[in-house]
Amino acid sequence: MNATSGHAAVDLAALEAELDDLEKRADAMKLLAEKILAAAGVLAFAVIVTVFAPWVRVSRVPKIAVAKTVHGTMGLGWIFLLVLALSLLVAVIGFRGRKWPVVAAGALMLFGMGAFLVDVMTSVKTFHPFMKLGAGAAHGASVVTTWGLDLAVAISFGVGAAAAAAAVTTWLWDVAEQRLDRGESTLAADKPGLLRIENLVTYFPIRAGLLKRTVGHVHAVDGVDLTVYKGETVGLVGESGCGKTTLSRTILKLVEPTSGRIYFNGRGISRWGRRRMRAVRREMQIVFQDPYASLNPRMTVRDIISEPLRISGGYRGDRGKQRVDELLRTVGLSPEHANRFPHEFSGGQRQRIGVARALALNPQVIILDEPVSALDVSIRAQVVNLLESLQRDFGLTYIFVAHDLSVVRHVSDRVAVMYLGKIVEIGDKHQIYNEPAHPYTQALLSAVPIEEPSQRGKRKRIVLEGDVPSPANPPSGCRFRTRCWKAQPICAEEEPALIDRGQGHPSACHFAEIVRPLDLVSGA
Amino acid sequence: MAEPILSIRDLAVEFRTEDGVVHAVDGISYDVYPGETLGIVGESGSGKSVSTLALLGLIPQPPGRIASGTAMFKGTDLLKMSKHELRTFRGDEVAMVFQDPMTSLNPVLKVGYQVAEAIKTHYPKVPDGEVKSRVVDLLRLVGVPNPDVRVNQYPHEFSGGMRQRAMIAMAIANSPSLLIADEPTTALDVTIQAQVLEVLKNVQAETHAATILITHDLGIVAELCERVIVMYGGRIVEMGDVHTIFRAPRHPYTIGLMDSLPKLTEDEEWLRPIPGSPPSLINRPSGCAFHPRCFLTQGRARCHDEVPELRKAEGTEHFAACHFSDELIGHHSKFSEAVGAAGGQGSN
């Protein structure tokens with residue numbers, strides 16, 4: 001399986017490029033299908049209003065007469081058209097990136113429209129609207145020659161065409177999606193690490209105005225590469241709004257990535273849907289920050305912990321009960337706690353329950369999103385120790401998201417520093433804490449209060465000017481340049497890549513240079 | 001030492017709840033001296049905020065009740081003041097900076113107006129022009145860039161750090177002699193926290209106000225304070241000079257607190273947490289509230305029979321409320337060990 005020859009490597013590179021193309025095409029098709037569907041929805045609504053809603057008087061046309069004719073002679077077509085309209089509604093509401101509603105609605109629409117047309121042909125016979133187009137009201141029955149019916153036929157053609165177009169685009173999208181998936185699986189076999197993220201981008205649309213049009217994007221995660229190896233802890237640090245939480249959620253696909261690739265355990269999962277992700281989430285779990293909000297107050301601890309077991313089908317009577325008891329003991333609670341409700345527990349105990357829930361399915365990777373920041377200092381250490389001993393016992397891999405630099409140093413093997421959606425520096429913890437090369441890392445470290453009063457004023461403090469810029473409109477070039485004391489014209493023009501600049505680990509600064517902000521300044 | 005500016009004796013605050021009476025603060029006494037920075041450390045529920053809120057009459061009554069105590073501030077008892085008297089007092093002689101700058105500013109009033117209000121309330125006769133220039137000066141003092149423009153902006157146009165600066169400007173508007181800062185940087189990011197702490201330091205150098213800094217972060221105490229009070233379960237467990245307490249703590253809780261903190265500059269295999277969880281204030285452990293979690297108790301009956309008094313160590317201003325604090329003599333915190341280690345690292 002391993003591609004060792006140069007030829008294979010070239011092929012892989014070509015495949016990567018092809019996948020990027022495919023990704024663009026698939027996304028374009030998805031967008032097109034969405035738009036067509038919306039248009040068809042509007043049309044179908046128009047059909048109903050103009051023809052089949054006798055109580056709506058939009059013109060002086062004797063609607064009731066039209067409706068009567070239609071009702072009286074075209075029962076079948078009427079029903080199908082209603083079905084059509086409803087199916088469109090379902091499709092428009094239920095679409096959201098899924099394919100089956102489009103296909104189903106498209107088929108229904110074609111069917112309903114066909115029936116409607118057949119009905120019109122057979123029951124209206126000689127004065128079918130198309131026959132008398134331009135000829136005026138030839139027949140005495142002026143009721144049928146009103147423009148209402150013409151319009152209905154024309155619109156239903158439109159709806160049918162739109163439905164067909166949506167179905168075709170969706171099919172094309174699906175084909176592209178399948179090719180992408182095959183390509184990603186091929187690439188995945190070749191990726192290092194247990195979890196690998198390539199050029200991951202997550203944007204959130206900013207919607208404004210009456211029509212909720214997208215006026216911009218929050219660049220929450222903007223091109224992140226990260227490899228996580230088995231058994232290690234990667235710390236993700238940064239200030240609020242730097243995208244560390246969004247990144248951790250995108251990895252689990254609790255948030256859909258805008259673009260980029262996620263490879264996990266030999267699979268390319270970046271474009272996987274809900275159902276396929278369920279299998280992945282068995283192996284990759286998350287512990288949330290707020291132990292008060294992340295446990296359902298109406299469920300007992302047993303229900304909370306066994307929920308993943310039930311969903312994955314592993315909860316069967318006694319065996320499930322034993323598993324919950326075992327999990328409770330593992331996280332330092334006792335099995336008697338299982339029948340209590342979350343409100344009966346303190347913050348630290350709740351966080352233990354959250355950890356037990358994450359452990360339930362024996363995952364390989366656990367994403368810890370600020371797991372201790374809501375806890376009191378004396379409790380924090382208990383939970384940190386618990387997490388570390390669990391890692392040793394079960395060989396877990398952690399992604400530890402936190403803003404507390406001391407805690408991150410304690411738990412991590414490697415640390416990635418994020419600023420405005422990008423990793424600005426990454427390395428093992430000694431490199432990051434003792435030899436930081438990026439000015440932001442240096443400033444961050446120097447901002448932590450000194451723990452020892454006798455060292456007061458003996459550390460060089462870098463106090464940053466101003467605040468983090470808005471992620472909706474990040475600065476050009478290097479994103480840190482607006483607060484950086486080293487900034488030069490080049491920083492605004494050229495974005496620094498995250499590469500090793502001679503400091504032994506990658507940093508994204510044109511002027512990377514090791515400074516030791518934690519060392520004491522002698523004689524100060 | 002000089003005369004204390006604020007002298008609290010035997011302050012007790014209770015809250016009546018459905019589950020019983022919460023003894024949030026249980027008979028604490030301390031002094032604040034002019035110009036000093038006093039840190040009050042403790043975990044949530046230790047009573048550190050309530051004890052200062054009570055001084056300013058900010059405890060909702062009911063359910064709260066000040067059960068006992070006096071708080072002499074410049075010769076008057078704050079706890080005996082009427083609401084009206086307190087109103088003239090708050091924001092003038094004693095001012096407060098709250099934790100959450102997002103919720104403590106009024107979103108529909110301009111920042112400049114809110115700062116000016118602090119002056120106008122106490123000194124209505126000051127002409128408007130003078131107030132306005134004073135507000136701009138205050139904002140400049142706390143490091144708000146472009147104060148001329150910023151006075152006319154609304155809180156939503158300010159970032160978190162800037163809002164907290166505005167809060168500080170408001171608090172020092174009338175040059176108070178006592179400034180109470182209740183977790184002033186807890187809601188802020190570390191780089192912004194550094195900015196705000198810098199502002200607090202500068203403000204103190206400028207105004208010479210005595211400052212009570214309430215925090216749960218020992219790092220901030222180490223950085224800013226001269227004296228520290230450690231609270232646990234509504235009582236003071238240790239009080240003294242910051243250097244003494246960090247070097248040689250005399251209460252097992254303080255020791256546990258320091259031990260459980262991971263260090264920024266060193267690697268440790270395991271942290272040493274305090275076992276158990278903080279006490280319920282309704283059903284507080286008898287005797288010393290810390291005894292169920294304490295490593296020093298060793299089953300001795302005295303710990304759960306008798307509430308330890310805050311005792312002064314021989315010849316120092318270092319107080320600890322532990323029956324067996326003498327057994328801790330010779331114990332050094334991991335911070336004092338670190339001094340040598342870090343120094344060694346630096347020179348090598």
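**Helices and contacts in a two-chain model**

Me: In which kind of crossing does H8(A) pass H10(A), left-handed or right-handed?
Reply: H8(A) passes H10(A) in a right-handed crossing. Please keep in mind that this is a predicted model.

Me: At roughly what angle do the axes of H8(A) and H10(A) cross?
Reply: The axes of helix H8 (residues 301-311) of chain A and H10(A) cross at roughly 30° and come within 7 Å.

Me: Then are H8(A) and H10(A) roughly parallel or roughly antiparallel?
Reply: Angles under 35 degrees count as roughly parallel. H8(A) and H10(A) are therefore roughly parallel to each other.

Me: Which residues meet there?
Reply: From H8(A), Val301(A), Ile304(A), Ile305(A) and Pro308(A) meet Ile353(A), Ala356(A) and Arg357(A) of H10(A). Of the residues in this contact, six are nonpolar, one is charged and none is polar.

Me: New topic: H11(A). What span should its 18 residues have?
Reply: At 1.5 Å a residue, helix H11 (residues 377-394) of chain A should span 26 Å. The C-alpha atoms at its ends are 26 Å apart, so the expected and actual values agree.

Me: Which residues of H11(A) are buried?
Reply: The run Val377(A), Ser378(A), Ile379(A), Arg380(A), Ala381(A), Gln382(A), Val383(A) and Val384(A) is buried, and so is Leu387(A).

Me: And what covers the buried residues of H11(A)?
Reply: From chain A, the cover includes helix H10 (347-359), strand S7 (365-369) and helix H12 (405-411). Helix H10 (252-259) of chain B is also included.

Me: What is found just after H11(A)?
Reply: Gly395(A) comes just after H11(A) and takes a positive phi of about 60°.

Me: Back to chain B, then. How many residues does each chain bring to the contact?
Reply: Chain A brings 38 residues and chain B brings 44 residues. On the side of chain B that touches chain A, at least two residues each come from helix H7 (190-207), helix H8 (218-224), helix H9 (242-247), H10 and helix H12 (334-347).

Me: Which of these gives the most?
Reply: H7(B) gives the most to that side, with seven residues. The residues on the side of chain B that touches chain A comprise 21 nonpolar, 15 polar and eight charged.

Me: Last one: what does the secondary structure of chain A come to?
Reply: Chain A has 15 helices and twelve strands. Of its 524 residues, 42% are buried. Among contacts in chain A between residues at least 6 apart in sequence, 69% join residues at least 24 apart.

Key. Residues are numbered from 1 along each chain as its sequence is written. Chains are lettered from A and ligands numbered from 1 in the order in which they are written. This is a predicted model: local features need pLDDT of at least 70, side-chain atom pairs count only at pLDDT 80 or more; totals for chains, interfaces and linings use all residues. Helices (H or I, at least four residues) and strands (E, at least two) are DSSP runs, numbered from the N terminus. The expected span of a helix is 1.5 Å times one less than its number of residues. A residue is buried if 20 or more other C-beta atoms lie within 10 Å of its own, exposed if 12 or fewer, and partly exposed in between; C-beta atoms are placed from the backbone. Two residues are in contact if their C-beta atoms, placed from the backbone, lie within 7 Å. Axes are lines fitted to C-alpha atoms, for helices over the stretch in contact, and angles run from 0 to 180 degrees between N-to-C directions. Angles under 35 degrees count as roughly parallel, over 145 as roughly antiparallel, 65 to 115 as roughly perpendicular and the rest as oblique. A crossing is left-handed if the near helix is turned anticlockwise from the far one by less than a right angle, and right-handed if clockwise. Ala, Val, Leu, Ile, Met, Phe, Trp, Tyr, Cys and Pro count as nonpolar, Asp, Glu, Lys and Arg as charged, and the others, Gly among them, as polar.
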